[in-house]
Amino acid sequence: MSERGVSALIIAIVAIGLLWALRTVNEPPSKPVPAVVALVPEMVPLVTGDEPNASIFTRAGCAVCHAIPGIAGADGRVGPPLLLGSTGSERLRDQAYRGKARTVHEYVVESVLEPGVFVVPGYPANTMPTWYGTKLSALALEKIATYLEQQRAGVVQGDRTVRSLE
């Protein structure tokens, strides 16, 4: 093949490559990329406490960040699993704990109303919204605390067993 033929072949290959690249740039992605939406107070409805437990946790948004036994879809990994029947007492005894709660029930309430008082080791600080107390009635918060203080590691949730990750 002559030098001119080789040059033409190289130019043709480059042109085909450019055309291919331009074609893929204009194609829509095969899967839509989900937008990251920040959770803001306006997105969370007031939870009255008259709802069933599962509705309280899902409407309040707890299930997005936490694994909660017995609550369908509550398999979040941002916050610690809510197995306070297993881990609550340990948290109250943790040297880093600076809250005022004396019982697991009080600890749950405190954690919702003042999430920065104690951050479970291994989880990011300043992640739990501080406005949850304004979105939960006293009855809803009471039901949440009562439910969570009974949850223990090893509970089967859907097709998996929820274990403490701490």
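1. Contact is taken here to mean heavy atoms within 4.5 Å. On that basis, and leaving aside residues up to four places away in sequence, Leu136 touches Leu46, Val47, Ala60, Val112, Leu141 and Ile144. The model under discussion is a predicted one, and the points below should be read with that in mind.

2. Leu136 also belongs to a wider group, for the largest nonpolar core has 31 residues, and those with the most contacts inside it are Phe57, Ile68, Tyr107, Leu136 and Leu148. Two or more residues of this core are given by each of H2, H3, H4, H5 and H6, and H6 gives the most, with 6 residues. As general background, nonpolar side chains in soluble globular proteins tend to be buried together.

3. Helix H5 (104-113) deserves a separate comment, as 7 of its 10 residues are buried and the helix is mostly covered. The buried residues are Val104, His105, Tyr107, Val108, Val109, Glu110 and Val112, a list that includes His105 and Glu110 alongside several valines. These buried residues of H5 pack against H4 and H6. Two of them recur in the points above: Tyr107 is among the residues with the most contacts inside the largest nonpolar core, and Val112 is touched by Leu136.

4. The largest pocket has a volume of about 660 Å³. Of the 35 residues that line this pocket, the closest to its centre are His66, Pro80, Ser111, Pro115 and Met128. By class, the lining comprises 26 nonpolar, 8 polar and 1 charged residues.

5. Which helices supply the lining of the largest pocket? At least two residues each come from helix H2 (53-60), helix H3 (62-65), helix H4 (84-93), helix H5 (104-113) and helix H6 (138-148). The largest share, 4 residues, comes from H5, whereas in the largest nonpolar core H6 gives the most.

6. Why does the disulfide count come to 0? A disulfide would require a pair of cysteine sulfur atoms within 2.5 Å, but the sulfur of Cys62 is 8.9 Å from the closest cysteine sulfur, in Cys65, and is therefore too far for a bond. Seen from the other side, the closest cysteine sulfur to that of Cys65 is in Cys62, again at 8.9 Å and too far for a bond.

7. The surroundings of these two cysteines can also be stated separately. Cys62 counts as buried because its relative accessibility is 14%, below the 20% cut-off for that class, while Cys65 is partly exposed, with a relative accessible area of 26%.

Terms used: Residues are numbered from 1 along each chain as its sequence is written. This is a predicted model: local features need pLDDT of at least 70, side-chain atom pairs count only at pLDDT 80 or more; totals for chains, interfaces and linings use all residues. Side-chain values use heavy atoms; hydrogens and water are left out. On a 1 Å grid over the protein atoms alone, a cavity is a set of points where a 1.4 Å probe fits but cannot get out, and a pocket is an open set with protein on both sides within 12 Å along at least five of seven lines; lining residues have an atom within 4 Å of a point. Grid points are joined across faces, edges and corners, and a volume is the space filled by probe spheres set on the points. Ala, Val, Leu, Ile, Met, Phe, Trp, Tyr, Cys and Pro count as nonpolar, Asp, Glu, Lys and Arg as charged, and the others, Gly among them, as polar. Buried means under 20% relative accessible area, exposed over 50%, partly exposed in between (1.4 Å probe, protein chains only). A nonpolar core is a set of buried Ala, Val, Leu, Ile, Met, Phe, Trp, Tyr and Cys residues joined through side-chain atoms within 4.5 Å.
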